[in-house]
Amino acid sequence: MKKKFNTSIFISGRGSNLKSLIQFSLLKNSPIKINVIITDNIKAKGLTYADKYKIKKKIIKFNDKRVAENKILKILTHNNVKLICLAGFMKVLSKNFIKKFKGKILNIHPSLLPKYKGLDTHERAINNKEKFSGCTVHFVNHKLDSGKIILQKKVKILKNDNPVSLSQKILKQEHKLYPKAIKKIFINF
Ligand code: GRF
């Protein structure tokens, strides 16, 4: 079996993408092994998956971003982390942090970027009478939701969709898209 790349997932909340990535990482042919979960939120529901799957978890307060990021960098180095996947992580990482992991940080966003960066994507797409929305996995650069796109999945917006129904449909696709995007970047693995 090929050696898997040590990966860290950063979360702030529910952690459904974390769960799908953990399940993906456990597949024999997956290129990643998740060895540390990082959160800024001690109450993140997703932390239960760290316990369930016996993965190390680290809770880092972001009162001072520089201090927090330095702590995280130490943890990542200590765990020999090669890839970071942001999955509902609500803090914006600094330029300096991103530079240290250049090309090695991925994010998932619930819209067809470059449309609807930031929050409330589903509501804005519906209000603008879009026919489609979807989700995007992209590399992280220093601008919010703006790095190079790896993969996207379109989802149709139906007449009776509301932000909740749309978010549920898109989330289902997110859970498939993130593993697919990881496979794509490790194509020669
Ligand atoms: C997802 O919709 C993701 O695209 C966005 O934040 C949400 C996180 O959901 N960045 P979960 O915590 O993975 O369930």
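This is a short dialogue on reading the ligand site and a salt bridge in a predicted model.

Me: What should I know before I start?

Reply: Residues are numbered from 1 along each chain as its sequence is written, and side-chain values use heavy atoms, leaving out hydrogens and water. In this predicted model, local features need pLDDT of at least 70 and side-chain atom pairs count only at pLDDT 80 or more, while totals for chains, interfaces and linings use all residues.

Me: Which residues surround the ligand?

Reply: A residue is near a molecule if one of its heavy atoms lies within 4 Å of it. Here the shell consists of Arg14, Gly15, Ser16, Asn17, Gly88, Ile108, His109, Pro110 and Glu174.

Me: Where are the polar contacts to the ligand?

Reply: A polar contact to a ligand is a pair of N or O atoms within 3.5 Å. A polar side-chain atom of serine 16 is 2.5 Å from a ligand oxygen, and one of glutamate 174 is 2.7 Å from a ligand oxygen. For glycine 15, a backbone N or O atom lies 2.8 Å from an oxygen of the ligand.

Me: How many salt bridges are there?

Reply: Look for a side-chain nitrogen of Lys or Arg within 4 Å of a carboxyl oxygen of Asp or Glu. That rule gives four salt bridges. One of them joins aspartate 40 and lysine 91, with the closest N and O atoms 3.9 Å apart. This pair links distant parts of the chain, 51 residues apart.

How values were computed. A polar contact is a pair of N or O atoms within 3.5 Å; within protein, one must be able to donate a hydrogen and the other to accept it, and residues adjacent in sequence count only if both atoms are side-chain atoms. Helices (H or I, at least four residues) and strands (E, at least two) are DSSP runs, numbered from the N terminus.
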